[in-house]
Amino acid sequence: MSRRVVRQSKFRHVFGQPVKADQMYEDIRVSKVTWDSSFCAVNPKFVAIIVESGGGGAFMVLPLAKTGRVDKNHPLVTGHTAPVLDIDWCPHNDNVIASASEDTTVMVWQIPDYVPMRNITEPIVTLEGHSKRVGIITWHPTARNVLLSAGGDNLLILWNVGTGEMLLTLDDMHGDLIYNVGWNRTGSLLVTTCKDKHVRIIDPRKQQVVAKNFEEPIALQEMDTSNGVLLPFYDPDSSIIYLCGKGDSSIRYFEITAEAPFVHYLSTYSSKEPQRGMGFMPKRGLDVSKCEIARFFKLHERKCEPIVMTVPRKSDLFQDDLYPDTPGPEPALEAAEWLAGKDAAPILVSLRDGYTPVKNRELKVTRKNILDNKPPVGPRRSHSTCDANFSRPSLEDLLEEIRSLRHTVQAQEKRISDLENKLCKFTNGTA
């Protein structure tokens, strides 16, 4: 009598469970725009959700602990003149988030640790370079301030957010709409999926496609016949891939191994309500004391529901095998180093004692001074009588006026911030 051999895996019994009702985020008007992004981004401090907004595009940012019913007047992040299509938190600064919009721009925002009293309307920097809507943004995993955007113009643009400059423009690589973009672990290569049904591996610094026409797949997993878009989330620490169908009501998860058959079905988390979008918490935001290995933020029509994935363990001790060191918030490279050809693995942190998010770190944008580029030497044009009679301010006068205006703006911003803080303390004191 033969005995069936069961594959050994510590993740065979992973199970998903929604949080209690009072730990959800209620009364949120989730965006109805037709686009296949996740509409939600989370980190150890905040959850951000693209929402319905009249007269432009907006998203909402909530501190993780601010669960329950969301005030209808809760401030939004506004500034785009058309719907927001994608949002992504910076992996190296939990207070910085980027947004992409149908208005062809990418904006980068600084989110304060306190809840502001009014809408955030001024981005730190606006990145303009696409000629059609921008539907995808993703930060470089190891280099500081490097952001990638993909637009309906079939362009990939890499930006240095710290200077507001384009680093690289990758054109003539996609003849059709780009569906998704992902980095490898060190950020040396990109992978894209496209409407033309090709998967491309791209070396962005060499500006070449290094692989495109793959042979037969090493593993093929049949899915159901649902026509919803699959949102994939991969955890390299556990080698588990989670597939969330947009418009579906389930999360399927598989373990990836180096040996055949490579892809092993683990289980399916099912619920009654379909998901409009999904956020995926970075590993450093999980509760290691409860053996939590993943946390999703499922978007419904009017709420956001966290779903916790847990490995059942009897011991209360830290589970080393579940939590290898994981990428932390410190970048391994500067943007210029990466652009010059240097690669580096993420700087890892231990989760043995849990993870405490660092305080708000301001992102400073230092634009290069266009006045440093001296004009070419050549013959001066002749001045007309009108030109000669017109009194031109000197360069020194203009610079002095700019410095004065900058000083005034900074003083007003400080005053506004001080008043917001006082009002916040007053509100908390009377609550």
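The exercises below work through confidence, salt bridges, one buried proline, and the empty spaces of a predicted model.

**Exercise 1. Confidence**

Task: State the average pLDDT of the chain, and find where the pLDDT is below 50.

Solution.
- Step 1. The chain has an average pLDDT of 88, and 90% of the residues reach at least 70.
- Step 2. The pLDDT falls below 50 over residues 370–391. Beyond near neighbours in sequence, this stretch makes five contacts in the model.
- Step 3. Predicted coordinates should not be read in detail where pLDDT is low.

**Exercise 2. The salt bridge of Asp27**

Task: Determine which side chain meets Asp27 in a salt bridge, and place both residues in the chain.

Solution.
- Step 1. Asp27 pairs with Arg69, at 3.2 Å from N to O. A salt bridge requires a distance within 4 Å, so the pair qualifies.
- Step 2. Asp27 sits in the loop between strand 2 (25–26) and strand 3 (40–42), while Arg69 belongs to strand 6 (residues 68–69). The two are 42 residues apart, and the pair links distant parts of the chain.
- Step 3. Asp27 has a relative accessibility of 34% and counts as partly exposed. Arg69, at 64%, is exposed.
- Step 4. Asp27 and Arg69 also belong to a network of salt bridges that includes Arg302.
- Step 5. In total, the structure holds 17 salt bridges.

**Exercise 3. Two salt bridges between loops**

Task: For the pairs Lys45 with Asp113 and Arg133 with Glu102, give the distance, the location and the accessibility of each residue.

Solution.
- Step 1. The side chains of Lys45 and Asp113 form a salt bridge of 2.9 Å, N to O. Lys45 is in the loop between strand 3 and strand 4 (46–51), and Asp113 is in the loop between strand 10 and strand 11 (125–128), so the bridge ties together parts 68 residues apart in sequence.
- Step 2. Lys45 is classed as buried because its relative accessibility is 14%, under the 20% cut-off. Asp113, at 38%, is partly exposed.
- Step 3. For Arg133 and Glu102 the N to O distance is 3.8 Å. Arg133 lies in the loop between strand 11 and strand 12 (134–139) and Glu102 in the loop between strand 9 (96–101) and strand 10, so this bridge joins parts 31 residues apart in sequence.
- Step 4. Arg133 is partly exposed at 30%, and Glu102 is partly exposed at 32%.

**Exercise 4. The surroundings of Pro306**

Task: Is Pro306 buried or exposed, and which residues is Pro306 in contact with, leaving aside neighbours within four places in sequence?

Solution.
- Step 1. Pro306 is part of strand 26 (residues 303–310).
- Step 2. The relative accessible area of Pro306 is 4%, so this residue is buried.
- Step 3. With neighbours within four places set aside, Pro306 contacts Gln17, Pro18, Val19, Gln23, Met24, Tyr25, Phe296 and Phe297.
- Step 4. Val19 is 287 residues from Pro306 in sequence, yet their C-alpha atoms are 5.9 Å apart.

**Exercise 5. The second largest pocket**

Task: Describe the volume and the lining of the second largest pocket.

Solution.
- Step 1. The volume is about 1,200 Å³.
- Step 2. The lining consists of 26 residues, and Gln110, Glu122, Pro123, Glu362 and Glu413 are nearest the centre. Strand 10 (105–110) and helix 3 (395–430) are the elements that supply two or more lining residues.
- Step 3. Helix 3 gives the largest share, eight residues.
- Step 4. By class, the lining has 11 nonpolar, six polar and nine charged residues.

**Exercise 6. The cavities**

Task: How many cavities of 30 Å³ or more are there, and which classes of residue make up the linings of the largest and the second largest?

Solution.
- Step 1. The count is two.
- Step 2. The largest cavity holds about 90 Å³ of space. Its lining has 13 residues, with Val61, His74, Ile111, Pro116 and Ile120 nearest the centre. Of the lining residues, 12 are nonpolar, one is polar and none is charged.
- Step 3. The second largest cavity holds about 40 Å³. Trp35, Gly135, Ile136, Ala150, Gly151, Gly152, Leu177 and Ile178 line this cavity, and strand 12 and strand 13 (146–151) are the elements that contribute two or more of the lining residues.
- Step 4. This second lining divides into five nonpolar, three polar and no charged residues. Gly counts as polar in this scheme.

How values were computed:
Residues numbered from 1 in each chain as written. Predicted model: local features only at pLDDT ≥ 70, side-chain atom pairs only at ≥ 80, totals over all residues. Heavy atoms only, no water. 1 Å grid on protein atoms, 1.4 Å probe; cavity = no way out; pocket = protein on both sides within 12 Å on 5 of 7 lines; lining within 4 Å. Points joined across faces, edges and corners; volume = space filled by probe spheres on them. Helix = DSSP H or I, 4+ residues; strand = E, 2+ residues; numbered from the N terminus. Buried < 20%, exposed > 50% of the residue type's maximum accessible area, 1.4 Å probe, protein only. pLDDT = per-residue confidence, 0-100. Contact = heavy atoms within 4.5 Å.
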